[in-house]
Amino acid sequence: RVHGGAVDAPDPKRVARSTAWVLRHKRQEQLVSPEWRDVWGNFSRMLATNIYLTTLCLDRNVVPEDCLNEILSALAHVPGGSNLRVLSLEAMGLGREDSPLMRRVGDFVRVARKLRVLNVKGNYISDAAMVLVTNAIVDSRDGSSLEVLLLDDNDLGDRAMHYIAQSLPRARLNTISLFGNPIGDAGIIELTRAVAAKQSMRLLYLGNNAFGKKGAKAVDDMYAANPQLRGEAVGLFSASVAEMLHAQQSVDNGTSDSATD
């Protein structure tokens, strides 16, 4: 289990944006018809017994919280989600206050044996919500299979970087994207040290963050000492999915193997 660091003060502007987003999303949820609620309910029941689904992308859909909770719960129970390689939940309201959804995401990460890509961009995920995922990585029985973690445009600060850094030794991660988060110097310094020690890491994207000169120097030093690392993220999600599916096909054909540090 990862241990807590210092609690970061919330950014008032980001809190205001998050609150406005929550209100807008709740208004949209109220417009979901009973028929669509039935559709999402049937979808969750299908997932509970599906053993063939490998990619699930629900990005930006207006799914009522109770329905999305059922969907994520279905994935976390065998055979639901047992073969899922890619889960994309961009801008789904996972991290809003008092939401149980990040706990459900953590439940799935904890039991998933084939999950390679998790996209949770744009969900206003807080430090306290992020620990539910990092603990799931640490708790995973055989070590998490997760390789690509996309966390852009959330509310992750120094404490979340502490959680991610502590989970890396148990992770197979090779790609982390953190564009547009309020990460300070202390958090980025701790994260870069952990990433530098993780030989499997290939991409760490840190654009549009809040760290200053000390943090920037730590980032520069990390890239200089680790030539295998990249910092650009052009077409990151689509490229990551394509690379993951190609790698999985190679594994299925017996032409390659994978390892963790």
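**Exercise 1. Place Ser 88 in the structure and find its side-chain partner.**

*Solution.* Start with the secondary structure: Ser 88 belongs to strand E2, which covers residues 86-88. Helices (H or I, at least four residues) and strands (E, at least two) are DSSP runs, numbered from the N terminus.

Next, look at exposure. Ser 88 counts as buried because its relative accessibility is 0%. Buried means under 20% relative accessible area, exposed over 50%, and partly exposed in between, with a 1.4 Å probe and protein chains only.

Finally, look for a partner. The side chains of Ser 88 and Asp 59 form a polar contact at 2.7 Å. A polar contact is a pair of N or O atoms within 3.5 Å; within protein, one must be able to donate a hydrogen and the other to accept it, and residues adjacent in sequence count only if both atoms are side-chain atoms.

Before going on, keep in mind that this is a predicted model, where local features need pLDDT of at least 70, side-chain atom pairs count only at pLDDT 80 or more, and totals for chains, interfaces and linings use all residues. Residues are numbered from 1 along each chain as its sequence is written, and side-chain values use heavy atoms, with hydrogens and water left out.

**Exercise 2. Describe the chain as a whole, including the confidence of the model.**

*Solution.* Count the elements first: the chain has nine helices and six strands. Then turn to burial: of the 261 residues, 51% are buried.

Now consider contacts, meaning heavy atoms within 4.5 Å. Among contacts with a separation of 6 or more, 87% are between residues 24 or more positions apart.

Last comes pLDDT, the predictor's confidence in each residue, from 0 to 100. The chain's average is 83, and 77% of the residues score at least 70. Over residues 255-261 pLDDT stays under 50, and the model has 12 contacts for this stretch beyond four places in sequence.

**Exercise 3. How do the axes of helices H7 and H8 cross, and which residues make the contact?**

*Solution.* Find the two helices: H7 spans residues 185-196 and H8 spans residues 213-225. Their axes come within 8 Å and cross at roughly 10 degrees. Axes are lines fitted to C-alpha atoms, for helices over the stretch in contact, and angles run from 0 to 180 degrees between N-to-C directions.

With that angle, H7 is roughly parallel to H8. Angles under 35 degrees count as roughly parallel, over 145 as roughly antiparallel, 65 to 115 as roughly perpendicular and the rest as oblique.

Then list the residues. H7 contributes Asp 185, Ile 188, Ile 189, Thr 192, Val 195 and Ala 196, while H8 contributes Lys 213, Lys 214, Gly 215, Ala 218, Val 219 and Met 222. Sorted by type, the contact residues are seven nonpolar, two polar and three charged. Here Ala, Val, Leu, Ile, Met, Phe, Trp, Tyr, Cys and Pro count as nonpolar, Asp, Glu, Lys and Arg as charged, and the others, Gly among them, as polar.

One more residue of H8 deserves a look: Ala 225 lies in this helix. Ala 225 is exposed, because its relative accessible area is 58%. Its C-alpha atom is separated by 7.6 Å from that of Ala 196, 29 residues apart along the chain.

**Exercise 4. Compare Ala 91 and Asp 153: are they buried or exposed, or partly exposed?**

*Solution.* Begin with the backbone. Most residues other than glycine have a negative phi. Ala 91, though not a glycine, has a positive phi of about 55 degrees. For Asp 153, also a residue other than glycine, phi is positive and near 55 degrees.

Next, locate them. Ala 91 sits in the loop between E2 and H4, and Asp 153 in the loop between E4 and H6. Then read the accessibility: Ala 91 is buried at 13%, whereas Asp 153 is partly exposed at 38%.

**Exercise 5. What do Ala 76 and Glu 147 touch?**

*Solution.* Take Ala 76, in the loop between helix H3 (65-75) and E2. Ala 76 is buried, at 15% relative accessibility. Apart from neighbours within four places in sequence, Ala 76 is in contact with Asp 107, Phe 108 and Val 111.

Now take Glu 147, in the loop between helix H5 (127-139) and E4. Glu 147 is buried too, at 19% relative accessibility. Leaving out residues up to four places away in sequence, Glu 147 touches Arg 116, Arg 172, Leu 173, Asn 174 and Thr 175.
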